[in-house]
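Here is a colleague's note to read beside the model. Keep the structure open and find each residue as it comes up.

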Amino acid sequence: GTPFIERIVPGITFQIYNQGHFLLDVNPVVLYRITPRLSAGAGWVERVAFDKPNPNMERVYGPRTVFQLSWTKGFTFRFQPELLNTFVPPQLIPTPGVTEGQREWVWSVLVGMKKEFTVYKKIKGNTEVMYNLYNPESKSPYADRLVVRFGFEFPMKRKRR
C-alpha cells in the first residue's frame, strides 16, 4: 500500500583514496523498496582524479547494481555487483610482450554492511564497510579488498493534499 514515489530512494555515495594522489569515487544510485526490508537498485561509479598528471589513467566508470536487506537499528546487509571500465597495468595483462597497460571492463562483487543515521530532517546519512569478494586476476580498480564509503539518501514523500 505504499505509494510508488515513497518506494523510490535516490542517493549518492563517496569513497576517498589517497595513494600518492587524491582520488574520489562518486556513486549516484536509485533504490526501489520492494518490501519495507528489501530494496534493489542501480547506480553509476565515476572516479575523479584531482592531482594526477594523467587523470585518464585513473578514470574508472561503470554501472553498479545494489541489493540490500534491512536488519535492525539502521544496519543493512548489502550486495553490489558492478562492471567497471578501468586502466589495467601491463604486469596484470597475461599477453606476453605487452609493455603498456590497457583499459578493460572488470567485474567486482562487493558485500558488506551499511549503517544509516539521520543527518537533517529527511536526509539520511550512511557509512558502508564492503569486502570485494570477486577480484578476477587482481584487476579490480580498488586498492584493497576492504573499502569504506560514506553517503546520503533522500527518501521521498508523497505530497499531501
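1. Start with Phe-4. The model is predicted. In it, Phe-4 has a relative accessible area of 56%, so this residue is exposed. The cut-off for exposed is over 50%.

2. Now look at the ring partner of Phe-4. Seven aromatic pairs are counted in total. One of them joins Phe-4 and Tyr-32: the ring centres are 6.0 Å apart and the planes are at 40°, so the pair is tilted. Phe-4 belongs to helix H1 (residues 4-7) and Tyr-32 to strand E2, so the pair ties together parts that are 28 residues apart in sequence. Tyr-32 has 32% relative accessibility and therefore counts as partly exposed.

3. A second aromatic pair is Trp-71 with Phe-75. What is the geometry of the rings of Trp-71 and Phe-75? Their centres lie 6.4 Å apart and their planes are at 65°, so this pair is edge-to-face. Trp-71 is exposed, with a relative accessible area of 51%. Phe-75 is partly exposed, and its value is 34%.

4. Step back to the overall fold. Eight strands close into a barrel. Their order is E1-E2-E3-E4-E5-E6-E7-E8, and the pairing is antiparallel. On average, neighbouring strands of this sheet are turned by 25° against each other, direction ignored.

5. Take one stretch of the barrel in detail. E2 and E3 are antiparallel and pair over nine bridges. They form a hairpin, with four residues between them. Use Val-30 as a landmark: it stands opposite Ala-42 in E3.

6. Move along to the next pairing. Strand E3 (residues 38-49) and strand E4 (residues 61-70) run antiparallel and are joined by nine bridges. Which residue is the bridge partner of Trp-44 in E4? It is Pro-63. Val-45 stands opposite Gly-62 in E4. Trp-44 has a further role to note: with Tyr-61 and Trp-105, it forms one aromatic cluster.

7. Charged pairs come next. The count of salt bridges is eight. One of them links Asp-25 and Arg-47, with the closest N and O atoms 2.6 Å apart. Asp-25 sits in strand E2 (residues 22-33) and Arg-47 in strand E3, so the pair ties together parts that are 22 residues apart in sequence. Are these two residues buried or exposed? Both Asp-25 and Arg-47 are buried.

8. Another salt bridge joins Lys-114 and Glu-153. Here the closest N and O atoms are 2.6 Å apart. Lys-114 is in strand E6 (residues 102-120) and Glu-153 in strand E8 (residues 146-153), so to speak of distant parts of the chain is fair: they are 39 residues apart. Lys-114 is buried, with a relative accessible area of 1%. Glu-153 is buried too, with a value of 8%. The cut-off for buried is under 20%.

9. Now find Arg-149 and Glu-128. Their side chains meet in a salt bridge, at 3.5 Å from N to O. Arg-149 lies in strand E8 and Glu-128 in strand E7 (residues 123-134), so the pair ties together parts that are 21 residues apart in sequence. Arg-149 is buried, and Glu-128 is buried as well. The story does not end with two residues. Arg-78, Glu-128 and Arg-149 are joined into one network by salt bridges that share partners.

10. Finish at Gln-80, which brings Arg-149 back. Gln-80 is placed in strand E5 (residues 75-88). It has 1% relative accessibility, so it counts as buried. Which side chain makes a polar contact of 2.6 Å with the side chain of Gln-80? It is that of Arg-149.

11. One last check on Gln-80. Leave out residues up to four places away in sequence, and Gln-80 touches Arg-64, Thr-65, Val-66, Ser-108, Val-109, Leu-110, Glu-128, Met-130 and Arg-149. Two names on that list should be familiar: Glu-128 and Arg-149 form the salt bridge of point 9. Select Gln-80 in the viewer and go through its contacts, including Met-130 and Leu-110.

Key:
Residues are numbered from 1 along each chain as its sequence is written. This is a predicted model: local features need pLDDT of at least 70, side-chain atom pairs count only at pLDDT 80 or more; totals for chains, interfaces and linings use all residues. Side-chain values use heavy atoms; hydrogens and water are left out. Helices (H or I, at least four residues) and strands (E, at least two) are DSSP runs, numbered from the N terminus. Buried means under 20% relative accessible area, exposed over 50%, partly exposed in between (1.4 Å probe, protein chains only). A polar contact is a pair of N or O atoms within 3.5 Å; within protein, one must be able to donate a hydrogen and the other to accept it, and residues adjacent in sequence count only if both atoms are side-chain atoms. Contact means heavy atoms within 4.5 Å. Two strands pair if DSSP finds at least two bridges between them. Axes are lines fitted to C-alpha atoms, for helices over the stretch in contact, and angles run from 0 to 180 degrees between N-to-C directions. A salt bridge is a side-chain nitrogen of Lys or Arg within 4 Å of a carboxyl oxygen of Asp or Glu. Rings of Phe, Tyr and Trp (its six-membered ring) pair if their centres lie within 6.5 Å; planes under 30 degrees apart count as stacked, over 60 as edge-to-face and the rest as tilted.
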